[in-house]
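This report goes through one protein model, feature by feature. The sequence and structure come first.

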Amino acid sequence: LYLYIIVIKGKCPEDAWDESTIELFLHELAIMDSNNFLGNCGVGEREGRVASGLVARRHYRLIHGIGRSGDISAVQPKAAGSSLLNKLTNSVVLDIIKLAGVRTVTSCFVVPMATGMSLTLCFLTLRHKRPKAKYIIWPRIDQKSCFKSMITAGFEPVVIENVLEGDELRTDIEAVEAKIKALGPENVLCVHSTTSCFAPRVPDRLEELAVICANYDIPHIVNNAYGVQSSKCMHLIQQGARVGRIDAFVQSLDKNFMVPVGGAIIAGFNESFVQEISKMYPGRASSSPSLDVLITLLSLGASGYKQLLKERKEMFSYLSSELKKLADAHNERLLDTPHNPISLAMSLKNLDENNDAAVTQLGSMLFTRQVSGARVVPCGSVQTVNNYTFKGFMSHANDYPCAYLNAASAIGIKKQDVDVFLKRLDKCLKTSRKEAKQEKHVNELSNSTTGTEQLED
């Protein structure tokens, strides 16, 4: 029955498999690879030989990797089991993407690179379709890898600054269209948009961007890094494809499926274009990311993954309400960012007014207290990335009105994580404000004659 569900139907089983069933399945795949044949005689340079038994067991003796030298999706004759593993993983992942909200996606494949390099692969594929194009239109998001993905591919990013609407930073649609007209559509490789992001930036206006791309016949690549876990992000992609143009969307394996870093999924609505991207990958590739995500999804089943999505959404509501209470208690605000379904931001205006360094010190205090993932964003920081200078870096805008702290409700988060975070944040805020006021008082004294005399005494 389990072979029928996954091999014939190509779907993620509804119910979780137990570990013994998964291991049996993987061993059956492994014995189809030539390196595991009894009496096999290998005289080539790549024969699946492994010196360490520990390494062999870690990979379930699936040693050959995936693909052939000319196509990462091609079947490897002497590695039928590994090739089948690759095909099945792509089918199961496609099923999960549909389940998560992008119902009309037609094709996807797991690539053994993280999101940034996977985006680069998409851009390099488009180069052959648009040889004159040198620019990529990019609504600003202060995350280095997605910016560097364009530079690495050899293109010139055209940064479109966001517009402030209330507390939210949103896509400047008029500026995008104006820049396309100014540069000439034939000179634009694509629009590179983003769904999942840190508040107060919110997902791009994908529907409007998709319509612009369709109108000007420009490709549209979406960075959906951790958007699979959000029904809102997936809905935006589905709607964008319905009303306009989305050529490919890229998501991380580790962020969405809780597996080790090292893989991503490239998906799209045109099967031939997705196949073009897979053929652009040079050489064979590691099967580890495919193996990790297949084991994980079989361990969860479709019902288990849907439950994780449900729990994440519930924890987002809980984190939002509790962080708002904490913000009010410290005379701060939970920034109003209703269009961001994963990340939240709390102002640090009072802390910033007391001492410029107090904001960054808060981040250090949280980190030393084992609070990971919370980002503290000061005002006015400047950073240069590949010779491009960003003012207000990390805040997605040149002059965001206040310093703030980020926290996110990502897949796998538990109520205990939220409660411990809030408790430690409360203590750190109290300590930071106390220290900042003391330092401000000392500075005021030292700047006055009376104060100087008091200090000498």
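Is Ile 97 buried or exposed?

## Ile 97 and its surroundings

Ile 97 has a relative accessible area of 0% and is therefore buried, the cut-off for that class being under 20%. The residue belongs to helix 4, which spans residues 80-100.

Leaving aside residues up to four places away in sequence, Ile 97 touches Val 102, Val 105, Cys 108, Met 234, Phe 249, Ile 265 and Ala 267. For one of these, Met 234, the separation from Ile 97 is 137 residues in sequence, while the C-alpha to C-alpha distance is 8.5 Å.

## Confidence of the model

The model is predicted. Its mean pLDDT is 92, and 94% of the residues reach 70 or more. Residues 451-457 have pLDDT below 50, and beyond near neighbours in sequence this stretch has five contacts in the model.

## Packing of helix 8 and helix 9

Two packed helices are described by the angle between their axes and the distance between the axes. For helix 8 (residues 206-216) and helix 9 (residues 231-243), the angle is about 30° and the axes are 8 Å apart. Angles under 35 degrees count as roughly parallel, so helix 8 and helix 9 are roughly parallel to each other. Their crossing is right-handed.

On the helix 8 side, the contact is made by Leu 206, Glu 207, Ala 210 and Val 211; on the helix 9 side, by Leu 236, Ile 237, Gln 239, Gly 240 and Val 243. By class, the residues of this contact are six nonpolar, two polar and one charged.

## Backbone geometry in loops

Most residues other than glycine have a negative phi, and most peptide bonds are trans. Three sites in this model depart from that description, as set out here for Tyr 60, Asn 387 and the Ala 199 to Pro 200 bond. Tyr 60, in the loop between helix 3 (53-58) and helix 4, has a positive phi near 55°. Asn 387 also has a positive phi, about 70°, and is placed in the loop between strand 12 (382-385) and strand 13 (388-391). With 78% relative accessibility, Asn 387 counts as exposed, since the class begins over 50%.

The peptide bond from Ala 199 to Pro 200 is cis, and its omega is near 10°. Pro 200 sits in the loop between strand 6 (188-194) and helix 8.

How values were computed
Residues numbered from 1 in each chain as written. Predicted model: local features only at pLDDT ≥ 70, side-chain atom pairs only at ≥ 80, totals over all residues. Heavy atoms only, no water. Axes fitted to C-alpha atoms, helices over the stretch in contact; angles between N-to-C directions. Helix = DSSP H or I, 4+ residues; strand = E, 2+ residues; numbered from the N terminus. Parallel < 35°, antiparallel > 145°, perpendicular 65-115°, else oblique. Left-handed = near helix turned anticlockwise from the far one by under 90°. Contact = heavy atoms within 4.5 Å. Nonpolar A, V, L, I, M, F, W, Y, C, P; charged D, E, K, R; others polar. Buried < 20%, exposed > 50% of the residue type's maximum accessible area, 1.4 Å probe, protein only. pLDDT = per-residue confidence, 0-100.
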